[in-house]
Amino acid sequence: MGWSTSELARLTGTTVNTIRHYHKLGLLTEPERMSNGYKQYGASHLLRLHQIRRMRELGIPLSDIGSVDDDHEQQQLALKQLEVDLSEQIAALEKARTEVSQLLEHGAPIDTASGFIDIAARMSNSDRALMNIYSTLYEESALAEMRSIMSETTPYDQEVDELAEDADDATRERLAEQIAPSMKRQLEAKPWLLAPTERMTGDVKMGQAAIIGSLRELYNHAQIDVIQRAFISVFPTLEIPDEDRERFIAFIKHVAAEEEG
């Protein structure tokens, strides 16, 4: 007894187009044709399609099926690699599920970076967006330290977050003086922040450009001015190792040279 293409598709829970695709890839032999010209598939085709389906269910790519068909050693190697791949996929899914639960629990925006979800409510939109960018540029230990910084709050954070572009000079100077103590404490505890490219992963030049561009996009001129004023006031008084101070100076010279170039 034989079956037409559509009948074979129904028997195996697949489609006519899939069967034709398998023919094209050489995974399924072409059947003989009856006198009327129609294809007639037999039991060997039925078994082969079930075999292919089983391998696809296990996750073996179509491109690998032909090479593992009758080679037990290759099958074992393919299964071992598949086990590794599946373990990685499961770990990624479990991590995603955990973070989805955290986002729901804390009511955090969906774009909140991993590690910042539980403090998202205390972060400004700009800070949260910046940490999202940082999460793709920095090593895990650096992100953990950034999280500790973002976890700290001062009475002046909201005022800086809401500072208008046209804020007057007196307001800027006052805010700079108010945030300076916190900035000094953070820089002394984490002097690598003076030359942040030190903890980057990947292309440092591109990462640096991404941060500079993002800062200009996320914060207005007045906010950046306040931060710069605060930094200028605290830098000479920082109690940090000489190598950290020298690394910062070298970093600033490098940035200046890049912008001039």
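1. Two helices count as roughly antiparallel when the angle between their N-to-C directions is over 145 degrees. In this predicted model, the axes of helix 6 and helix 7 cross at roughly 170 degrees and come within 11 Å. Helix 6 and helix 7 are therefore roughly antiparallel to each other.

2. The residues that join this pair can be listed by helix. From helix 6 come Asp127, Met131 and Tyr134, and from helix 7 come Leu143, Met146 and Met150. By class, the contact of helix 6 with helix 7 holds five nonpolar residues, one charged residue and no polar ones.

3. Helix 6 also packs against helix 10, at an angle of about 165 degrees and with the axes 10 Å apart. Because the cut-off is over 145 degrees, that angle makes helix 6 roughly antiparallel to helix 10. The crossing of helix 6 past helix 10 is right-handed.

4. On the helix 6 side, the contact with helix 10 uses Ser126, Ala129, Leu130, Ile133 and Tyr134. Helix 10 supplies Ile211, Ser214, Leu215 and Leu218. Seven of these residues are nonpolar and two are polar, with no charged residue in the contact of helix 6 with helix 10. Tyr134 thus appears in the contact with helix 7 and in the contact with helix 10.

5. The largest pocket has a volume of about 1,900 Å³. Its lining is made up of 49 residues, and those closest to the centre of the pocket are Leu130, Tyr134, Met183, Leu215 and Ile227. Leu130, Tyr134 and Leu215 are also among the residues of the contact between helix 6 and helix 10.

6. Which elements give two or more residues to the lining of the largest pocket? They are helix 6 (125-134), helix 7 (140-151), helix 8 (157-161), helix 9 (169-189), helix 10 (204-218), helix 11 (221-234) and helix 12 (242-260). By class, the lining of the largest pocket has 31 nonpolar, eleven polar and seven charged residues.

7. A further helix pair lies earlier in the sequence: helix 1 (residues 5-12) and helix 3 (residues 43-58). Their axes are 10 Å apart, and the packing angle is about 45 degrees. That angle makes helix 1 oblique to helix 3. Helix 1 passes helix 3 in a right-handed crossing.

8. Leu8, Leu11 and Thr12 of helix 1 meet His45, Leu46, Leu49, His50 and Arg53 of helix 3. The contact of helix 1 with helix 3 divides into four nonpolar, three polar and one charged residues.

Definitions and conventions: Residues are numbered from 1 along each chain as its sequence is written. This is a predicted model: local features need pLDDT of at least 70, side-chain atom pairs count only at pLDDT 80 or more; totals for chains, interfaces and linings use all residues. Side-chain values use heavy atoms; hydrogens and water are left out. On a 1 Å grid over the protein atoms alone, a cavity is a set of points where a 1.4 Å probe fits but cannot get out, and a pocket is an open set with protein on both sides within 12 Å along at least five of seven lines; lining residues have an atom within 4 Å of a point. Grid points are joined across faces, edges and corners, and a volume is the space filled by probe spheres set on the points. Helices (H or I, at least four residues) and strands (E, at least two) are DSSP runs, numbered from the N terminus. Ala, Val, Leu, Ile, Met, Phe, Trp, Tyr, Cys and Pro count as nonpolar, Asp, Glu, Lys and Arg as charged, and the others, Gly among them, as polar. Axes are lines fitted to C-alpha atoms, for helices over the stretch in contact, and angles run from 0 to 180 degrees between N-to-C directions. Angles under 35 degrees count as roughly parallel, over 145 as roughly antiparallel, 65 to 115 as roughly perpendicular and the rest as oblique. A crossing is left-handed if the near helix is turned anticlockwise from the far one by less than a right angle, and right-handed if clockwise. Contact means heavy atoms within 4.5 Å.
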